[in-house]
Amino acid sequence: MKVLVCGGAGYIGSHVVRYLNTNGHEVVVFDNLSTGHREAVGMAQFVKGDILDSAALNELFANCRFDAVMHFCALSQVGESVVEPYRYYHNNVVGTLNLLQAMRAAGVRKLVFSSTAAVFGNPEHDFIDENHSTRPISPYGASKLMIERMLADAAGAYGLRSVALRYFNAAGADPSGEIGELHEPETHLIPNVLLAALGKDVELKVFGNDYPTRDGTCVRDYIHVNDLASAHLKAMHFMNEREGFHVFNLGNGRGFTVLEVINAARYVTGENINFKYAQRRTGDPAVLVASGDKARMLMEWTPQVTDITDIIETAWRWHRRIKH
Ligand SMILES: NC(=O)c1ccc[n+]([C@@H]2O[C@H](COP(=O)([O-])OP(=O)(O)OC[C@H]3O[C@@H](n4cnc5c(N)ncnc54)[C@H](O)[C@@H]3O)[C@@H](O)[C@H]2O)c1
Ligand SMILES: O=c1ccn([C@@H]2O[C@H](COP(=O)(O)OP(=O)(O)O[C@H]3O[C@H](CO)[C@H](O)[C@H](O)[C@H]3O)[C@@H](O)[C@H]2O)c(=O)[nH]1
């Protein structure tokens with residue numbers, strides 16, 4: 001298949017591009033490089049552009065006939081979205097609407113969309129399934145939920161087939177060590193822990209140790225980025241069989257506390273990673289763990305790298321390489 005990957009120069013998108021190429025699909029990446037990196041795209045065809053630019057999108061679809069689109073473009077920092085909500089709604093919601101309109105004009109009717117566990121807000125129970133209520137507590141989460149609603153409406157009105165994959169915490173890197181997570185500034189836990197292990201100028205902070213969890217720190221469900229990549233291909237196959245709009249939660253179904261992540265990183269790196277406790281970070285729920293039953297049953301998707309040590313080991317290979 002010929003697949004347009006919007007946001008394919010970013011962390012998750014670049015791993016999906018690599019996975020699609022390895023599985024024999026032809027890929028074109030469209031990305032404005034606002035947070036992504038040209039080098040991460042590898043040998044895939046690259047077009048620099050912005051989904052806010054409808055003319056550029058229309059030109060892209062006029063030049064290439066795509067079988068499907070995968071859409072990773074977003075601003076995605078929860079805290080920043082609270083301070084700059086208009087910027088988030090503009091980039092994420094308006095940008096996606098442009099993309100959907102360009103797809104419709106070109107007659108492209110399949111989309112895989114990067115959604116997030118942030119659509120749930122404060123969870124009502126563990127093992128969050130797809131029927132859990134959606135009450136996002138940040139503009140970032142709200143922007144993703146608005147897009148899900150647009151996709152549901154587009155299914156009814158225009159026959160768009162789409163799958164929203166609600167990732168929990170994407171983590172790890174390709175085992176080759178050639179691509180990985182590189183954000184500036186970095187806000188995510190595992191890269192920050194590894195930067196501290198490398199002795200970079202990072203003072204590792206643990207945000208809150210008074211949560212109602214086994215050691216007082218937040219519990220998250222870390223899902224390996226290549227397992228997310230395989231889910232995207234499964235979603236594409238799923239859409240060949242099914243009409244309409246579908247959502248899937250993607251996680252391991254296992255939660256690790258922040259301290260457990262730091263201890264696993266100490267084991268992997270052999271470094272004594274120092275940290276200090278800081279205030280809770282606004283908008284952080286205590287526990288976020290997915291129920292992956294629906295994705296397992298309907299897409300036959302099973303994550304392969306589920307141990308936190310194995311996940312961190314792949315990220316460590318990448319971080320050690322970029323240090324040099
Ligand atoms: N990283 C996670 O743990 C996580 C969890 C849940 C959901 N998500 C979602 O997954 C997607 C990818 O996340 P990521 O961590 O790889 O982020 P990322 O910032 O590394 O990748 C996003 C990519 O989109 C590009 N982009 C952004 N706005 C654009 C625009 N207007 N036009 C063209 N390109 C644009 C960026 O340059 C970047 O390459 C995002 O939609 C994010 O919301 C990520
Ligand atoms: O330096 C750090 C960074 C993070 N944390 C803690 O580690 C946990 C994980 O934080 P991340 O920033 O790595 O990930 P989030 O759970 O905040 O966010 C991820 O999951 C969200 C869904 O809830 C969104 O989708 C978001 O885009 C995605 O990055 C949180 O308890 C956070 O407070 C620290 O203690 N110190």
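Gly216 touches Asn209, Asp210 and Tyr211, leaving aside residues up to four places away in sequence; here two residues are in contact if their C-beta atoms, placed from the backbone, lie within 7 Å. This is a predicted model, in which local features need pLDDT of at least 70, side-chain atom pairs count only at pLDDT 80 or more, and totals for chains, interfaces and linings use all residues. Residues are numbered from 1 along each chain as its sequence is written, while chains are lettered from A and ligands numbered from 1 in the order in which they are written.

Let us stay with Gly216 for a moment. Its place is in the loop between strand 8 and strand 9; helices (H or I, at least four residues) and strands (E, at least two) are DSSP runs, numbered from the N terminus. Gly216 counts as partly exposed because it has 16 C-beta neighbours inside 10 Å. On that scale a residue is buried if 20 or more other C-beta atoms lie within 10 Å of its own, exposed if 12 or fewer, and partly exposed in between, with C-beta atoms placed from the backbone. From C-alpha to C-alpha, Gly216 and Gly156 are 45 Å apart in space, with their positions 60 residues apart in sequence.

**The strands**

Strand 1 (residues 2-6) is mostly covered, with four of its five residues buried. Strand 1 runs parallel to strand 2 (residues 26-31), and five bridges join them; two strands pair if DSSP finds at least two bridges between them. Between these two strands the chain passes through helix 1 (residues 11-22), in a β-α-β crossover that is right-handed. Right-handed means that, with the strands pointing away from the viewer, the path from the first strand over the helix to the second runs clockwise. Strand 1 also runs parallel to strand 4 (residues 68-71), joined by four bridges. Cys6 appears in both pairings: Phe30 stands opposite in strand 2, and His71 is the bridge partner in strand 4.

Moving on, strand 4 pairs with strand 5 in the parallel sense over three bridges, and Val69 stands opposite Leu111 of strand 5. Strand 5 is largely enclosed by the rest of the structure, because seven of its seven residues are buried. In a regular strand the side chains alternate between the two faces of the sheet. In strand 5, Lys110, Val112, Ser114 and Thr116 point one way, Leu111, Phe113 and Ser115 point the other way, and all are buried. Seven bridges join strand 5 to strand 6 (residues 161-167), and the two run parallel. Lys110 stands opposite Arg161 in strand 6. The chain gets from strand 5 to strand 6 by way of helix 5 (residues 139-158), again in a right-handed β-α-β crossover.

There is also an open sheet of three strands, ordered 12-9-14, with mixed pairing. Its edge strands, each pairing on one side only, are strand 12 (256-257) and strand 14 (287-288). Strand 9 (residues 219-220) pairs with strand 12 in the antiparallel sense over two bridges, and Arg220 stands opposite Phe256 of strand 12.

**The two ligands**

The table sets out the shells by class. A residue is near a molecule if its C-beta atom, placed from the backbone, lies within 6 Å of it. Ala, Val, Leu, Ile, Met, Phe, Trp, Tyr, Cys and Pro count as nonpolar, Asp, Glu, Lys and Arg as charged, and the others, Gly among them, as polar.

| Shell | Nonpolar | Polar | Charged |
|---|---|---|---|
| Ligand 1 | eleven residues | 13 residues | two residues |
| Ligand 2 | nine residues | six residues | four residues |

Around ligand 1 there are 26 residues, of which Gly7, Gly10, Tyr11, Gly36 and Ala74 come nearest. Two or more residues of this shell come from each of helix 1, helix 4 (85-106), strand 5 (110-116) and strand 7 (169-171). Helix 1 gives the largest share, three residues.

Ligand 2 is surrounded by 19 residues, and the closest are Thr116, His188, Leu189, Phe207 and Cys218. Helix 6 (189-197) and strand 8 (205-207) are the elements that give two or more residues to this shell. The largest share, three residues, is from strand 8.

**The nonpolar core**

The largest nonpolar core has 103 residues, and Val29, Leu250 and Val261 touch the most other members. Helix 7 (residues 225-241) gives the most to this core, with nine residues. Such a core is a set of buried Ala, Val, Leu, Ile, Met, Phe, Trp, Tyr and Cys residues joined through C-beta atoms within 7 Å. Apart from residues up to four places away in sequence, Val261 touches Leu189, Ile190, Val193, Phe256 and Ile308.
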